[in-house]
Amino acid sequence: MNRRLTPRLPSRLPVDPYILAILGTVGLAALLPASGHAARVAGGASTGAVALLFFLYGAKLSTREAVDGLKHWRLHGTVVLCTFAVFPLLGLAAGALAPYLLTPQLRTGLLFLCLVPSTVQSSIAFTSIARGNVPAAIVAGSFSSLAGIVVTPLLVALLIGGSAGVSADAFVRIVAQLLLPFVAGQLVRRWIGGFLARHKKVLGLVDRGSILLVVYTAFSEGMVAGIWHQVTPARLAGLLAMEAVLLAAMLSLTWFGAGRLGFGRADRIAIQFAGSKKSLAAGLPMASVLFGAHASLAVLPLMLFHQMQLMVCTVIAKRRAKDPLPRVVARGTETGAAEVVRTGALTGAVRN
């Protein structure tokens, strides 16, 4: 194999600087929580930043690429099933098995983690590094994010109910904050899509900045409400253990299940990475709308799972990259995956 096509991966797994930035934001909220007028300003800024983020997502996604990718309906249906059916079932089972390990708020957060949509950037990055079906990962992650705007609040209302403020007003706010900006971005893509393709750092800065703002706002509300005394070291350890089991179960189910369904190697990789992860970028603003002052406890499991999935998927992608490609290429997916690996990198893997 041409050495230039071999992805370069770190030999060890350092904590990503962006995760440190999130932890620093949590510390800032603990020391200097926003309250009163400052809280309203921070909340408005975070709402605007998230809306801008999804506007840029819409402007970046090629409509033709999305339409072409949707033709692979079996793959996308499998990812959607994993994201919005298998994950919630495992979340319900985990909550039922650990009533003494976690507080009711943390159990709610663990279940909420299982209801949010899949990632976009990290699914693409890991699929590319592992030489999988990258176009399928692009469409699967994007479709999951858009479907989650509607499906996640409905699942929250069905499975969490009174613990979250699911109402017509909350649903409208989520749609206005996430879906409408995305549609607006698609409408103006012909004018700004090229600019965004040439200046990818713009999307990265908005992506990370919006998440930090939402984290600060959510954890400030939690500090003002005085709910952080519920998180003890023992409960935190129990939460991490349950999330490790949850991630291992989903990684195994997506890989071996896709194989049993007859998918090829490239498609199995896309299904595994898109069907086993959860989006921090979509989950945080939804939690802020649905849980209010208790959003900090609701998103804590998601934040921990986010870092865990990046570390574990880095190892898996590295191992998959060393797999020999099959000699018989089906429908060009393996060849296409080998070509796009030239751009494979973990640079954008932490963005959502």
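**A helical chain: surface, burial and packing**

Me: What surface does the protein chain expose, and which atoms supply 66% of it?
Reply: The protein chain exposes about 16,000 Å², and carbon and sulfur atoms supply 66% of that area. Please note that this is a predicted model.

Me: And how many of the residues count as buried?
Reply: Of the 352 residues in the protein chain, 51% count as buried.

Me: Moving to secondary structure: how many helices and strands are there?
Reply: The protein chain has 15 helices and zero strands. As for contacts between residues at least 6 apart in sequence, 88% join residues at least 24 apart.

Me: What about helix α14, residues 295–321: what should it span, and how far apart are its ends?
Reply: At 1.5 Å a residue, the 27 residues of α14 should span 39 Å; the C-alpha atoms at its ends are 38 Å apart, which agrees.

Me: Is α14 largely enclosed or not, and why?
Reply: Helix α14 is largely enclosed by the rest of the structure, because 21 of its 27 residues are buried.

Me: New topic. At what angle do α7 and α8 pack?
Reply: Helix α7 (residues 134–159) and helix α8 (residues 168–187) pack at about 175°, and their axes lie 9 Å apart. An angle over 145 degrees counts as roughly antiparallel, and α7 and α8 are therefore roughly antiparallel to each other.

Me: Which residues make that contact?
Reply: Helix α7 contributes Leu-146, Ile-149, Val-150 and Pro-153, while α8 contributes Phe-171, Ile-174, Val-175, Leu-178, Leu-179 and Phe-182.

Me: How many of them are nonpolar, polar or charged?
Reply: The contact of α7 with α8 has 10 nonpolar residues, with no polar and no charged ones.

Note on methods:
Residues are numbered from 1 along each chain as its sequence is written. This is a predicted model: local features need pLDDT of at least 70, side-chain atom pairs count only at pLDDT 80 or more; totals for chains, interfaces and linings use all residues. Side-chain values use heavy atoms; hydrogens and water are left out. Helices (H or I, at least four residues) and strands (E, at least two) are DSSP runs, numbered from the N terminus. The expected span of a helix is 1.5 Å times one less than its number of residues. Buried means under 20% relative accessible area, exposed over 50%, partly exposed in between (1.4 Å probe, protein chains only). Axes are lines fitted to C-alpha atoms, for helices over the stretch in contact, and angles run from 0 to 180 degrees between N-to-C directions. Angles under 35 degrees count as roughly parallel, over 145 as roughly antiparallel, 65 to 115 as roughly perpendicular and the rest as oblique. Contact means heavy atoms within 4.5 Å. Ala, Val, Leu, Ile, Met, Phe, Trp, Tyr, Cys and Pro count as nonpolar, Asp, Glu, Lys and Arg as charged, and the others, Gly among them, as polar. Accessible areas come from the Shrake-Rupley method with a 1.4 Å probe; for residues, only the protein chains shown count as cover.
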